[in-house]
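Please walk me through this structure in the viewer. For each stop, tell me what to select and what is there.

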Amino acid sequence: MATTETMYFDIIIVGAGPAGLSAAIKLGQLNQNISHPLSICVLEKASEIGGHIISGNVLEPRALDQLIPQWRKQKTPIQTKATKDRFYIFTEKHAIRLPVPPQMKNHGNYIISLSQTCRWLAEEAEKLGVTIIPGFAVVAGIYNKNDQLTGVRTGDMGIKKDGKPGPKYQPGIEISAQQVILAEGCRGSLTEDIIEKYALRNHCQMQSYAIGVKEVWKVPEENQQDGLCMHSIGWPLTNDTYGGSFMYHYEKNKIALGFVIGLDYANPYLDAHAELQRYKHHPFIQKMLSKGECIAYASRALNEGGVQAIPQLSFPGGVIAGCAAGFLNVPKIKGTHTAMQSGILAAEAIFTHIREEKNCPRVSTYDKKIKKSWITQELNQVRNIRPGFYQGLWPGLINAAFESYISFGHSPWTLSLREDHKQLQPAKNFTPIPYPKPDGTLSFSKLESVRLSGTNHTEDQPCHLILKNPDLAIPQNYNIYAGPESRYCPANVYEYVEIDDKITLQINGQNCVHCKSCSIKDPNQNIRWVPPQGGEGPRYRET
């Protein structure tokens with residue numbers, strides 16, 4: 001059997017998203033001014049940079065302007081300026097235009113594919129001497145006798161479903177470092193382990209989440225309105241379910257559209273993927289997509305807790321940056337600019353910490369930088385808007401108007417968050433939602449959508465979706481909640497099937513698009529999501 005390889009870098013960055021790559025670029029820039037540059041490594045679990053990146057993205061370039069001031073003069077995938085904002089409330093047949101909330105005004109922003117933008121950022125980082133290694137999933141931290149994180153371990157490759165090494169077995173790699181930047185994105189697996197290990201949430205509220213489902217369409221030129229940013233609330237969701245749609249028109253006659261739904265919903269029959277499919281049949285939307293072709297599908301959980309839910313960001317041996325920490329501005333529907341800025345601040349704090357050879361393994365200056373930054377100021381101003389919708393759509397809109405136009409985010413109170421999985425109610429309290437059958441042209445089944453995501457997993461490997469207690473599936477999830485995982489999963493991973501006259505939960509792990517929603521919404525917190533083999537999962541290019 002092969003032995004474990006070991007490597008060393010001064011700084012390891014886990015995750016090649018906007019936060020991790022911004023940290024890498026900033027560290028590379030700082031390296032240019034010293035005689036003995038620090039070695040920097042970015043590890044990415046996707047087979048290629050951008051392969052697991054999804055965002056309904058209108059980029060606010062504030063952090064990018066700081067990181068690469070001359071980017072507008074370079075050849076980049078950031079091309080389409082946001083020129084028009086529209087905000088609607090939908091009924092089943094009509095779209096009623098409303099004033100655009102101040103947070104949703106996008107003058108000066110750009111409509112982008114974040115997947116393609118991350119590929120460009122990776123190229124910029126490599127020009128500065130940063131080592132980027134895709135296709136390796138980080139599965140665990142390495143700790144010394146003082147309980148300090150001193151590196152990470154990547155997963156073994158070629159393990160068969162029975163847990164034994166197969167003919168293509170390769171052991172994981174141990175990579176040591178002085179400091180580790182965790183930039184895995186929302187609900188990162190190692191990040192969650194670190195948060196629990198060091199009790200980093202002791203002084204903040206529990207995080208709350210949403211699920212985002214997205215498609216990219218290629219449409220006829222007459223359907224496209226370059227630079228249009230459109231958002232809606234209302235139908236097809238009920239007034240007690242938080243969520244809404246986005247639709248962005250950008251270059252090459254493409255439209256990015258999707259739905260974001262808070263994972264605090266109560267109805268176990270709700271299906272985010274199916275909500276997106278019936279949304280497209282609204283007359284207002286159907287007209288824009290007419291004679292078009294869906295070319296991509298993606299899904300991802302996102303943080304919605306805001307400033308109330310940001311944990312302690314430094315720990316012995318590393319820091320947390322980007323959406324792994326939860327810097328999404330929910331009313332803006334934007335987190336890329338804050339993620340990038342957090343990566344910049346993490347790089348500055350760690351670079352100074354290592355250069356000054358401080359004995360303390362914790363980079364506490366990073367926490368201080370974040371608290372003094374515009375990130376915290378921005379999130380603090382909108383802290384009460386998302387939890388204001390816990391009472392329903394109309395009370396939420398009234399509260400949002402108060403926070404936006406009267407108190408300007410300076411209310412003397414901070415509303416509390418609630419844990420998403422505890423909000424799901426028994427199926428007996430609801431009737432099934434009559435979702436229309438997909439037509440294969442405008443609306444699609446989950447399996448058709450998964451095909452568009454490029455998702456692929458080797459079938460002969462241990463399932464990366466682990467039931468902590470398999471005995472709970474039928475008596476709890478199926479009998480009480482009518483098998484909600486078959487609906488809150490947007491990729492048909494969980495199926496209840498009848499075998500020998502018995503209902504059984506079947507897990508189709510090869511369909512998983514790595515959204516992480518199942519580990520959040522399961523009513524018994526019985527699902528543990530761990531990384532599969534490195535390089536596997538979705539292969540996004542347009543998202």
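In which helix is Lys26 found? Select helix 1, residues 18-31, and Lys26 is there. The model is a predicted one. At a relative accessibility of 17%, Lys26 counts as buried, because the limit for that class is under 20%. Display its surroundings next: leaving aside residues up to four places away in sequence, Lys26 touches Leu67, Ile344, Ala347 and Glu348.

**The nonpolar cores**

Select Ile13, Leu64, Val152, Ile181, Ile320, Phe327 and Tyr366. These belong to the largest nonpolar core, which has 78 residues, and they touch the most other members. Helix 7, residues 336-355, supplies the largest share of this core, with 10 residues.

Centre the view on Tyr366. Not counting residues up to four places away in sequence, Tyr366 is in contact with Leu313, Val319, Ile320, Ala321, Phe327, Ser342, Leu345, Ala346 and Ala349. Another core, of 53 residues, lies apart from the largest one; Leu257, Tyr297, Ala473 and Ile527 are among its members.

**The four-stranded sheet**

Now show strands 1, 14, 11 and 10. They make an open sheet of four strands in the order 1-14-11-10, and the pairing is mixed. Strand 1 (5-8) and strand 10 (138-143) are at the edges; each has a single partner strand, so one side of each has no neighbour in the sheet. On average, neighbouring strands here are turned by 25° against each other, direction ignored.

Within this sheet, select residues 149-154 and 173-176, which are strand 11 and strand 14: they run antiparallel and are joined by three bridges. Val152 has Ile175 of strand 14 as its bridge partner. Val152 was also selected above, as one of the residues touching the most other members of the largest core. Add helix 4, residues 189-197, which lies across strand 10 and strand 11 and runs at about 35° to strand 10.

**The three-stranded sheet**

Go to strands 4, 8 and 5, an open sheet of three strands with the order 4-8-5 and antiparallel pairing. The edges are strand 4 (58-59) and strand 5 (80-81), each with a single partner strand, so one side of each is left without a neighbour in the sheet. Strand 5 and strand 8 (residues 110-111) are joined by two bridges. Thr80 has Ile111 in strand 8 as its bridge partner.

**Strand 19 and its partners**

Is strand 19 enclosed or open to its surroundings? Select residues 254-262: nine of the nine residues of this strand are buried, so strand 19 is largely enclosed by the rest of the structure. Colour the two faces separately. Lys254, Ala256, Gly258, Val260 and Gly262 are buried on one side, and Ile255, Leu257, Phe259 and Ile261 are buried on the other.

Add strand 16, residues 209-218, which runs antiparallel to strand 19 and is joined to it by nine bridges. Here Val213 stands opposite Phe259. Then add strand 18, residues 243-250, whose antiparallel pairing with strand 19 extends over eight bridges. In that pair, Gly243 stands opposite Ile261. The hairpin of strand 18 and strand 19 has three residues between the strands, and Lys252 takes a positive phi near 65° there.

**Aromatic contacts**

Display the rings of Phe, Tyr and Trp; 12 aromatic pairs are counted. Start with Phe402 and Trp413: their ring centres are 6.1 Å apart and their planes are at 10°, so the pair is stacked. Phe402 lies in helix 10 (residues 393-405) and Trp413 in the loop between helix 10 and helix 11 (446-453), so the pair ties together parts that are 11 residues apart in sequence. Phe402 is partly exposed at 28% relative accessible area, and Trp413 is partly exposed at 39%.

Move to Tyr478 and Tyr496, whose ring centres are 4.9 Å apart with planes at 40°, so this pair is tilted. Tyr478 is in helix 12 (residues 473-481) and Tyr496 in strand 24 (residues 494-499), 18 residues apart. Tyr478 counts as partly exposed at 30% relative accessibility, whereas Tyr496 is buried at 17%.

Next select Tyr88, Phe90, Phe259, Tyr279 and Phe284, which form one aromatic cluster. Phe259 has already appeared on one face of strand 19.

Finish with two charges over rings. Arg418 lies over the face of Tyr390, 4.1 Å from the ring centre. Lys516 lies over the face of Trp529, 4.4 Å from the ring centre.

Definitions and conventions
Residues are numbered from 1 along each chain as its sequence is written. This is a predicted model: local features need pLDDT of at least 70, side-chain atom pairs count only at pLDDT 80 or more; totals for chains, interfaces and linings use all residues. Side-chain values use heavy atoms; hydrogens and water are left out. Two strands pair if DSSP finds at least two bridges between them. Axes are lines fitted to C-alpha atoms, for helices over the stretch in contact, and angles run from 0 to 180 degrees between N-to-C directions. Contact means heavy atoms within 4.5 Å. Rings of Phe, Tyr and Trp (its six-membered ring) pair if their centres lie within 6.5 Å; planes under 30 degrees apart count as stacked, over 60 as edge-to-face and the rest as tilted. Buried means under 20% relative accessible area, exposed over 50%, partly exposed in between (1.4 Å probe, protein chains only). A charge sits over a ring if NZ of Lys or CZ of Arg is within 6 Å of the ring centre and within 35 degrees of the ring normal. A nonpolar core is a set of buried Ala, Val, Leu, Ile, Met, Phe, Trp, Tyr and Cys residues joined through side-chain atoms within 4.5 Å.
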